[in-house]
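Here are some short exercises to work through with the model open beside you. Try each task before reading its solution.

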Amino acid sequence: MPETVRCTWCSRKIIDAQPTGRRKKYCSHACRQRAYERRRLMSGTGVLQLEEDSVVVRRAELESLQDRLYVLRSAVEVLQAAVDDNANSAELVSVAREVVAATGDLDRLWISP
Ligand SMILES: [Zn+2]
């Protein structure tokens with residue numbers, strides 16, 4: 001199974017038609033251009049120097065993500081406890097649904113430019 005490579009700028013999956021040679025870092029010319037402009041904007045300001053693959057996230061967004069991960073972890077712990085307690089299959093199905101619900105769209109989180 002080929003490794004999923006994501007755009008350094010927008011995190012969309014990169015469909016690399018020619019996987020040989022140098023790996024693509026951006027999904028499109030637009031993303032490459034935005035990354036270049038951001039680097040140019042940030043360089044020389046003396047305020048903040050970022051590595052090319054750095055991401056700046058608002059505290060509220062990070063806290064929201066942490067909250068969702070906490071809910072997911074709690075759901076998984078409930079599932080583990082149900083398994084340890086030899087819960088019947090109906091209970092396990094119910095708890096498993098809670099885990100799926102807690103997962104939500106976490107696997108589809110994208111980094112927006
Ligand atoms: Zn992109």
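**Exercise 1. Find the backbone feature that follows α2.**

Task: Go to the end of α2 and work out which residue just after α2 takes a positive phi.

Solution:
- Step 1. Just past the end of α2, asparagine 86 has a positive phi of about 50°. Keep in mind that this is a predicted model.
- Step 2. Place the residue: asparagine 86 sits in the loop that links α2 and α3.
- Step 3. Ask what is expected. Most residues other than glycine have a negative phi. Asparagine 86 is a residue other than glycine, and its phi is positive, near 50°.
- Step 4. Check the surroundings. Asparagine 86 counts as exposed because it has 8 C-beta neighbours inside 10 Å, and the cut-off for exposed is 12 or fewer.

**Exercise 2. Look for positive phi elsewhere.**

Task: Inspect serine 11 and glycine 104, and say where each is placed along the chain.

Solution:
- Step 1. Serine 11 belongs to the segment before α1, the helix of residues 29-42.
- Step 2. Its phi is near 70°, again a positive value in a residue other than glycine.
- Step 3. Serine 11 has 16 other C-beta atoms within 10 Å, so it is partly exposed.
- Step 4. Glycine 104 comes just after α3 and takes a positive phi of about 50°.

**Exercise 3. Take stock of the whole chain.**

Task: How many helices and strands are there in the chain, and what pattern do they follow?

Solution:
- Step 1. Count the elements: the chain has three helices and zero strands.
- Step 2. Reading along the sequence gives the pattern α-α-α.
- Step 3. Turn to burial. Of the 113 residues in the chain, 3% are buried.
- Step 4. Go helix by helix. The count of buried residues is zero among the 14 residues of α1, and it is zero among the 26 residues of α2. Both helices are hardly covered.
- Step 5. Consider contacts with a separation of 6 or more: 36% of them join residues 24 or more positions apart.

**Exercise 4. Check the helix lengths.**

Task: Use 1.5 Å a residue to work out what span α1, α2 and α3 should have, and compare it with the distance between the end C-alpha atoms. Multiply by one less than the number of residues.

Solution:
- Step 1. For α1, 14 residues should span 20 Å, and the end C-alpha atoms are 20 Å apart, so the two agree.
- Step 2. For α2, 26 residues should span 38 Å; the ends are 37 Å apart, which agrees.
- Step 3. For α3 (residues 89-103), 15 residues should span 21 Å, and the ends are 21 Å apart, in agreement.

**Exercise 5. Describe how α2 and α3 meet.**

Task: Are α2 and α3 roughly parallel or roughly antiparallel to each other?

Solution:
- Step 1. The axes of α2 (residues 59-84) and α3 come within 8 Å and cross at roughly 165°.
- Step 2. Angles over 145 degrees count as roughly antiparallel, and α2 and α3 are therefore roughly antiparallel.
- Step 3. The crossing of α2 past α3 is left-handed.
- Step 4. List who touches whom. From α2, the residues in contact include Val71, Leu72, Val78 and Leu79, and among their counterparts in α3 are Leu92, Val95, Val99 and Glu98.
- Step 5. Sort the contact by class: it has twelve nonpolar, one polar and two charged residues.

**Exercise 6. Compare sequence separation with distance in space.**

Task: For tyrosine 70, valine 100 and arginine 38, find a partner and give its C-alpha distance.

Solution:
- Step 1. Tyrosine 70 lies in α2. Alanine 102 is 32 residues away in sequence, with a C-alpha to C-alpha distance of 9.4 Å. Tyrosine 70 has 11 other C-beta atoms within 10 Å, so it is exposed.
- Step 2. Valine 100 is part of α3. Its partner, valine 76, is 24 residues away in sequence and 9.5 Å away in space. With 10 C-beta neighbours inside 10 Å, valine 100 counts as exposed.
- Step 3. Arginine 38 is in α1. Its C-alpha atom is 9.4 Å from that of glutamate 52, 14 residues apart along the chain. Because 14 other C-beta atoms lie within 10 Å, arginine 38 is partly exposed.

How values were computed
Residues are numbered from 1 along each chain as its sequence is written. This is a predicted model: local features need pLDDT of at least 70, side-chain atom pairs count only at pLDDT 80 or more; totals for chains, interfaces and linings use all residues. Helices (H or I, at least four residues) and strands (E, at least two) are DSSP runs, numbered from the N terminus. Axes are lines fitted to C-alpha atoms, for helices over the stretch in contact, and angles run from 0 to 180 degrees between N-to-C directions. Angles under 35 degrees count as roughly parallel, over 145 as roughly antiparallel, 65 to 115 as roughly perpendicular and the rest as oblique. A crossing is left-handed if the near helix is turned anticlockwise from the far one by less than a right angle, and right-handed if clockwise. Two residues are in contact if their C-beta atoms, placed from the backbone, lie within 7 Å. Ala, Val, Leu, Ile, Met, Phe, Trp, Tyr, Cys and Pro count as nonpolar, Asp, Glu, Lys and Arg as charged, and the others, Gly among them, as polar. A residue is buried if 20 or more other C-beta atoms lie within 10 Å of its own, exposed if 12 or fewer, and partly exposed in between; C-beta atoms are placed from the backbone.
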